[in-house]
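Student: I have a new structure open and would like to learn how to read it. Could you walk me through it?

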Amino acid sequence: MAGRWVFAVVFLVCAGLLGVAFYMEHVMGLEPCPLCWLQRFGFMGAGLVSLLAFLHGPTGWGVRVYGFLLALTAGTGLGIAGRQLWLQSLPADQVPACGPSVDYMLEVLPWMEVLTTALRGTGDCAAVVWRFLGLSIPGWTAVFFSGLVLVGLFFLFRRPQSRSWIRS
């Protein structure tokens, strides 16, 4: 039962982080770059897996499956955040050129080309437009994705709890 509530908390954290992302976009006026959009999808995936795990309330190997899926979605998001942090660390002369907005790419390009362009990153992705406690937005998303990966791995590799009352 405790695992079920951990998944509920993970879902609420993901929903809260997406709320912060939309606040930063629509209230603070920060335009998300292609890698930022992909990180949002990472949080959506982790949140969806956690919501399903909470609603399903799995036991045994089912908890391991949800743990694996959580680690996979959060690990993908962590890789994308790492890519953006790498772009932000590049010297100015090595930063890729700025590209079109995500909205424009979705209107004009096929899905696979939008995805490959987004994964490559653009000059927009290398710009640091906000910091909190010394970390940029992808720095904070990397911190949260790392925590989600650890939670997923915990559920994937934890030992089944002994139920001595069943054996007596």
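Student: Which elements do the buried residues of α7 pack against?

Tutor: Good place to start, and keep in mind that this is a predicted model. The buried residues of α7 pack against α1 (2-26), α2 (34-56), α3 (61-89) and β2 (135-136). The buried set in α7 is made up of Pro138, Gly139, Thr141, Ala142, Phe145, Leu148, Val149, Gly152, Phe155 and Leu156.

Student: How should I read the spacing of those numbers?

Tutor: Here is the general idea: an α-helix has 3.6 residues a turn, so residues three or four places apart point the same way. In α7, Thr141, Phe145, Leu148 and Gly152 are among the buried residues.

Student: How many residues does α7 have, and how far does it reach?

Tutor: Helix α7 covers residues 137-157, which is 21 residues, and reaches 30 Å from its first C-alpha to its last. That is close to the 30 Å expected at 1.5 Å a residue. You can check α2 in the same manner: it has 23 residues and reaches 33 Å, close to the 33 Å expected. For α1, the 25 residues should span 36 Å, and the end C-alpha atoms are 36 Å apart, so the two values agree.

Student: What is the order of the elements along the whole chain?

Tutor: From the N terminus on, they run α-α-α-α-α-α-β-β-α-α, which comes to 8 helices and 2 strands. Of the 168 residues, 38% count as buried. As for contacts with a separation of 6 or more, 82% are between residues 24 or more positions apart.

Student: Which residues touch the most other members of the largest nonpolar core?

Tutor: A general idea helps here too: in soluble globular proteins, nonpolar side chains tend to be buried together. In this model, the largest nonpolar core has 17 residues, and Phe7, Cys14, Phe43, Leu70 and Leu148 touch the most other members. The elements giving two or more residues to this core are α1, α2, α3 and α7, with the largest share, 5 residues, coming from α1. Another core lies apart from it and has 7 residues, including Cys36, Leu38, Ile80 and Leu87.

Student: Let me zoom in on leucine 148. What is it in contact with, leaving aside neighbours within four places in sequence?

Tutor: Leucine 148 is in contact with Val10, Cys14, Phe43, Ala46, Leu70 and Ala74. Two of these partners, Val10 and Cys14, also appear among the buried residues of α1. The cover over the buried residues of α1 includes α2, α3 and α7.

Student: Is glutamine 39 buried or exposed?

Tutor: To judge a residue, look at its relative accessibility; under 20% is called buried. Glutamine 39 has 3%, so it counts as buried. It lies in helix α2. Not counting residues up to four places away in sequence, glutamine 39 touches Gly77, Ile80, Ala81, Gln84, Pro138, Thr141 and Phe145.

Student: And what about tryptophan 86?

Tutor: Tryptophan 86 is in helix α3 and counts as partly exposed, at 45% relative accessibility. Its C-alpha is 9.9 Å from that of proline 138, although the two are 52 residues apart in sequence.

Student: How many disulfides does the structure hold?

Tutor: The structure holds 0 disulfides. Look at cysteine 36: the nearest cysteine sulfur is that of cysteine 33, 3.4 Å away. A disulfide needs the sulfur atoms within 2.5 Å, so this pair does not qualify. Both residues count as buried: cysteine 33 at 5% relative accessibility and cysteine 36 at 17%.

Student: Where does leucine 133 lie?

Tutor: Leucine 133 is in the loop between β1 (131-132) and β2. Its phi is near 55 degrees, a positive value in a residue other than glycine. Leucine 133 is also exposed, with a relative accessible area of 70%. A glycine with positive phi, near 60 degrees, is glycine 57, which follows α2.

Student: Which residues does the UniProt annotation "transmembrane region" cover?

Tutor: According to that unreviewed entry, the annotation covers residues 37-55, 67-86 and 137-157. In the model, residues 67-86 are 100% helix, with end C-alpha atoms 28 Å apart. The span 137-157 is likewise 100% helix, and its end C-alpha atoms lie 30 Å apart.

Notes:
Residues are numbered from 1 along each chain as its sequence is written. This is a predicted model: local features need pLDDT of at least 70, side-chain atom pairs count only at pLDDT 80 or more; totals for chains, interfaces and linings use all residues. Side-chain values use heavy atoms; hydrogens and water are left out. Helices (H or I, at least four residues) and strands (E, at least two) are DSSP runs, numbered from the N terminus. The expected span of a helix is 1.5 Å times one less than its number of residues. Buried means under 20% relative accessible area, exposed over 50%, partly exposed in between (1.4 Å probe, protein chains only). Contact means heavy atoms within 4.5 Å. A nonpolar core is a set of buried Ala, Val, Leu, Ile, Met, Phe, Trp, Tyr and Cys residues joined through side-chain atoms within 4.5 Å. UniProt positions are given in the numbering used here, feature names are shortened, and annotations may be inferred rather than shown by experiment.
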